[in-house]
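Here is a friendly walk through one model, moving from single residues to helix packing. Have the coordinates open as you read.

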Amino acid sequence: MSVVIRKASVRWKGSARGGVRTVTTDSGVLNRAKFSPGLPLKHNSHTDPTELIAAAHASSFSLALSKELRLTTSAAGEITTSATVTVDLLATGWTVINIHLHVVARLPKMTQGRFIDATVRAKT
């Protein structure tokens, strides 16, 4: 078994309602990216925890699906996965109540049955 460890850090400067919040990943893809803890997101260019959850789910599912389909870099085709995360403010705080994945694939050399079987395996 190969163990993979990835890290991200958040810098929170200020109070719970104000201040500056940034997230950085070791890869550098996110480097002091501003995020808002408030929901719904205010109209600005910041991200928020719910959006980051959606991005993680969409990318993880696409990766798992491509592995199940045994796609190679030379394989013709495309998979686009979008994730919609629904949160609700409950008595205990903000809670994820639903994550919906929407997958659109163009894989000319793939049968529909093989695709469906792969998506079920990727989901589990």
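M110 is buried, with a relative accessible area of 16%; buried here means under 20% relative accessible area, exposed means over 50%, and partly exposed lies in between, using a 1.4 Å probe and protein chains only. M110 sits in the loop between strand 5 (93-106) and helix 2. Helices (H or I, at least four residues) and strands (E, at least two) are DSSP runs, numbered from the N terminus. Not counting residues up to four places away in sequence, M110 touches L69, L71 and F115, where contact means heavy atoms within 4.5 Å. The C-alpha atoms of M110 and G77 are separated by 9.3 Å, with their positions 33 residues apart along the chain.

A word on the ground rules: this is a predicted model, in which local features need pLDDT of at least 70 and side-chain atom pairs count only at pLDDT 80 or more, while totals for chains, interfaces and linings use all residues. Residues are numbered from 1 along each chain as its sequence is written, and side-chain values use heavy atoms, with hydrogens and water left out.

M110 also belongs to the largest nonpolar core, whose 8 residues are F61, L65, L69, L107, M110, F115, A118 and A122. Such a core is a set of buried Ala, Val, Leu, Ile, Met, Phe, Trp, Tyr and Cys residues joined through side-chain atoms within 4.5 Å. Helix 1 and helix 2 each supply at least two residues of this core, and the largest share, 3 residues, comes from helix 2. In soluble globular proteins, nonpolar side chains tend to be buried together. F115 is a good residue to click on here: leaving aside neighbours within four places in sequence, F115 is in contact with L65, L69, V103, A105, L107 and M110.

Now for the helix pair. Two packed helices are described by the angle between their axes and the distance between the axes. The axes of helix 1 (residues 49-68) and helix 2 (residues 112-123) come within 8 Å and cross at roughly 130°. That makes helix 1 oblique to helix 2. Axes are lines fitted to C-alpha atoms, for helices over the stretch in contact, and angles run from 0 to 180 degrees between N-to-C directions. Angles under 35 degrees count as roughly parallel, over 145 as roughly antiparallel, 65 to 115 as roughly perpendicular and the rest as oblique.

Which residues of the two helices meet? From helix 1 there are F61, A64, L65 and E68, and from helix 2 there are F115, A118, T119, R121, A122 and K123. By class, this contact of helix 1 with helix 2 has 6 nonpolar, 1 polar and 3 charged residues; Ala, Val, Leu, Ile, Met, Phe, Trp, Tyr, Cys and Pro count as nonpolar, Asp, Glu, Lys and Arg as charged, and the others, Gly among them, as polar. K123, in helix 2, is exposed, with a relative accessible area of 70%.

Three C-alpha pairs, M110's included, can be checked directly in your viewer.

| Pair | Separation in sequence | C-alpha distance |
|---|---|---|
| K123 and F61 | 62 residues | 7.2 Å |
| M110 and G77 | 33 residues | 9.3 Å |
| N98 and V87 | 11 residues | 7.1 Å |

N98 is found in strand 5. At 40% relative accessibility, N98 counts as partly exposed. Leaving aside neighbours within four places in sequence, N98 is in contact with T84, V85 and T86.

Is T22, a residue of strand 2, buried or exposed? T22 counts as buried, at 12% relative accessibility. Beyond neighbours within four places in sequence, T22 is in contact with S9, V10, R11, R32, A33, K34 and F35. One of those partners, R32, lies in the loop between strand 2 (20-25) and strand 3 (33-34). R32 is exposed, with a relative accessible area of 64%. The phi of R32 is near 55°, a positive value in a residue other than glycine.

Finally, the whole chain. The secondary structure comes to 2 helices and 5 strands, running β-β-β-α-β-β-α from the N terminus on. Of the 124 residues, 20% count as buried.
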